[in-house]
Structure formats: C-alpha cells, structure tokens
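Trainee: I have a new model open and would like to learn how to read it. Could we go through it feature by feature?

Mentor: Gladly; here it is.

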Amino acid sequence: MADDDKDRKVAERPKGFIRKVFESALGLLSLLLLTLMISVILEWLGMAFFWNEEGAAHSHNMLQNELAFLQEDFRRHLFESSPAEIASYSALVTYEYVVVKSGYLALSERLSQPVFAAEPTLMSFFKSIYTHIEKYITATINILLVFVVRLMVILLSLPIIFLVGIAAFVDGLVQRDLRRFGGGREFGMVYHGFKAMMKPILLLPILFYLAAPISIHPNFVFVPAAALLAMAVFVTTSTFKKYL
C-alpha cells in the first residue's frame with residue numbers, strides 16, 4: 001500500500017520546464033516527420049493514378065512553383081536576403097546532405113548504367129530494380145525539398161501571425177474591460193470553446209500546407225488561418241473571466 005502511494009505521488013509530480021520543452025519539441029518533430037511521410041505517400045499515389053505521365057516531373061514542378069511564389073510575391077529582404085534566397089539555400093543544403101554527401105548520387109549513377117554481360121548477378125538485379133523505382137526515389141527527394149521550402153515559408157510567416165494575434169489579444173482585453181465595467185453577461189462556455197479551437201486553427205492549416213500534393217500559394221493558406229486565429233484569440237480574450 002505504501003509503495004502504491006509512493007508511485008502515485010511520483011506520477012502526480014508536476015513536470016519541469018525543461019522536460020515540457022523537450023517533450024513539446026519531440027512531439028513537434030514526430031508530427032513533422034509524419035506529415036512528410038504523408039506527403040510522400042500522396043505523391044506516390046498521384047504518380048500511380050493521377051499524373052502517371054508526368055512522373056517525377058510533377059514534384060519537380062511543385063518545387064519550382066513554390067520558389068516562384070516566393071520570388072514574385074515576397075520581395076521584402078530579411079537579413080540582406082530575400083525569402084526566396086533563404087528557401088533556395090535551405091533546399092540546396094538539404095540536397096547536398098541527402099543526395100550528394102550521403103553517397104546516393106554516386107550510387108544512382110552506377111545503377112543507371114546498362115547491364116553488362118560479365119557483371120555480377122546481384123548488381124544486375126539491383127540495376128533492374130532501380131530502373132522501376134528510380135522515379136519514385138527522385139519524387140521523394142523532390143518532395144523533401146518542397147517540404148523544406150514550405151517549412152521556411154512557415155517560419156517566415158510566423159511573425160505576421162504573431163502580430164495579428166497580439167492585435168486581437170489587445171482588442172479582446174479592451175472589449176473584456178468594457179463588458180466588465182458595463183455589467184455585461186459572462187459566458188464561460190464560449191471562452192472554453194474558442195480556447196480549445198486556437199490550437200487546431202493554427203496547426204491544421206500548417207499541416208495541410210506541408211502535406212498538400214499540389215502547389216498552393218502561401219497566402220491562400222495563411223491569410224485565412226491568421227484571420228480565424230485572430231477571431232479565436234479576440235473571442236477568447238474578450239470572454240475571459242477571472243474565476244473559471
């Protein structure tokens with residue numbers, strides 16, 4: 001009985017700040033990896049059923065379109081570099097480590113060569129397999145680069161979302177004080193409902209943007225998401241009560 005009470009106290013012990021940060025970072029990393037896997041699977045399914053004629057060129061065109069969106073519509077400079085240059089450099093570094101330094105580029109060049117009569121049977125087998133899966137591997141690399149570019153777009157968009165949230169937060173506090181001093185009614189269910197909505201409103205558009213198998217302009221995703229998030233922050237702040 002004493003051991004059970006001791007285990008219960010250990011289980012109920014509050015988590016430290018460092019542990020919370022570590023668990024949050026690990027959960028975010030797991031979510032990003034899962035989203036990357038989903039985007040790769042969607043691209044493979046599209047290559048098999050929807051854009052079979054394009055093949056790996058579909059994912060390559062997606063990468064070019066994502067960079068073109070940044071080049072055309074995000075011209076403000078950040079740290080003496082444009083968003084397009086930052087995203088392109090991130091994709092280039094990723095390609096360097098994943099394809100070149102990993103040895104895949106040299107291996108793919110060897111496997112792409114014709115089969116020779118005096119070649120070992122195992123190498124001939126690998127070459128024949130590679131001819132069937134090469135386009136899927138190339139598409140996977142392209143999707144990884146698209147994923148990296150979109151991650152950079154999200155990071156560059158966070159300050160705008162943060163500023164919109166701050167403006168909605170301040171406006172909500174003003175409305176809360178007006179309601180309190182004016183004797184307005186308080187609705188606790190509204191507060192709890194919109195508070196629970198803020199996390200999905202922020203995460204779902206980001207995950208959809210990262211996993212989308214087609215090119216999407218960032219404004220079509222983050223402008224509505226920022227507006228919905230501002231509305232949720234405003235309602236949550238304006239309906240906040242001192243005692244819940």
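Trainee: Let me start with a charge and a ring: which residue has its charged end over the ring of Y209?

Mentor: The general idea is that a charge sits over a ring if NZ of Lys or CZ of Arg is within 6 Å of the ring centre and within 35 degrees of the ring normal. Here the residue is R150, whose charged end sits over the ring of Y209 at 5.1 Å from the ring centre. K101 does likewise with Y97, its charged end being 4.5 Å from the centre of that ring.

Trainee: What kind of model is this, and how are residues numbered?

Mentor: This is a predicted model, with residues numbered from 1 along each chain as its sequence is written; local features need pLDDT of at least 70, side-chain atom pairs count only at pLDDT 80 or more, and totals for chains, interfaces and linings use all residues. Side-chain values use heavy atoms, with hydrogens and water left out.

Trainee: What is the mean pLDDT of the chain?

Mentor: As a reminder, pLDDT is the predictor's confidence in each residue, from 0 to 100. The chain has a mean of 79, and 78% of its residues reach 70 or more. Confidence is lowest in helix α1 (residues 2-12), with a mean of 51, and highest in α2, with 86.

Trainee: How many helices and strands does the chain have?

Mentor: Both are DSSP runs numbered from the N terminus: helices are H or I with at least four residues, strands are E with at least two. This chain has eight helices and zero strands.

Trainee: And what share of the residues is buried?

Mentor: Buried means under 20% relative accessible area, exposed means over 50%, and partly exposed is in between (1.4 Å probe, protein chains only). Of the 244 residues in the chain, 34% are buried.

Trainee: Which residues of helix α5 are buried?

Mentor: In α5 (residues 104-111) they are Y104, S108 and L111. Seen down the helix axis, these buried residues fall within an arc of 65 degrees, so they line one face of α5. That arc is taken from the directions from the helix axis to the C-beta atoms. Turned away from the buried side is a face with the exposed residues A106 and E109.

Trainee: How many aromatic pairs are there in the whole structure?

Mentor: A pair of aromatic rings is described by the distance of the centres and the angle of the planes. Rings of Phe, Tyr and Trp (its six-membered ring) pair if their centres lie within 6.5 Å; planes under 30 degrees apart are stacked, over 60 edge-to-face, and the rest tilted. The search finds three such pairs. One of them is W44 with Y136, edge-to-face, at 6.4 Å centre to centre and 85 degrees between the planes. This pair links distant parts of the chain, 92 residues apart: W44 is in helix α2 (residues 17-49) and Y136 in helix α6 (residues 121-181). W44 is partly exposed at 37% relative accessible area, and Y136 is partly exposed at 25%.

Mentor: Another of the pairs brings back Y209, which meets F222 edge-to-face at 5.3 Å centre to centre, with 70 degrees between the planes. Y209 lies in helix α7 (residues 188-211) and F222 in helix α8 (residues 218-238), so the pair ties together parts 13 residues apart in sequence. Both Y209 and F222 are buried.

Trainee: Which residue shares a side-chain polar contact with S59?

Mentor: A polar contact is a pair of N or O atoms within 3.5 Å; within protein, one must be able to donate a hydrogen and the other to accept it, and residues adjacent in sequence count only if both atoms are side-chain atoms. For S59 the partner is N142, at 3.1 Å. S59 is found in helix α3 (residues 57-73) and is buried, with a relative accessible area of 0%.

Trainee: Which residues does T237 contact, leaving aside neighbours within four places in sequence?

Mentor: Contact means heavy atoms within 4.5 Å. T237, in helix α8, is in contact with F169, G172, L173 and R176 beyond those neighbours. The T237 side chain also reaches the backbone oxygen of V233, at 2.7 Å.
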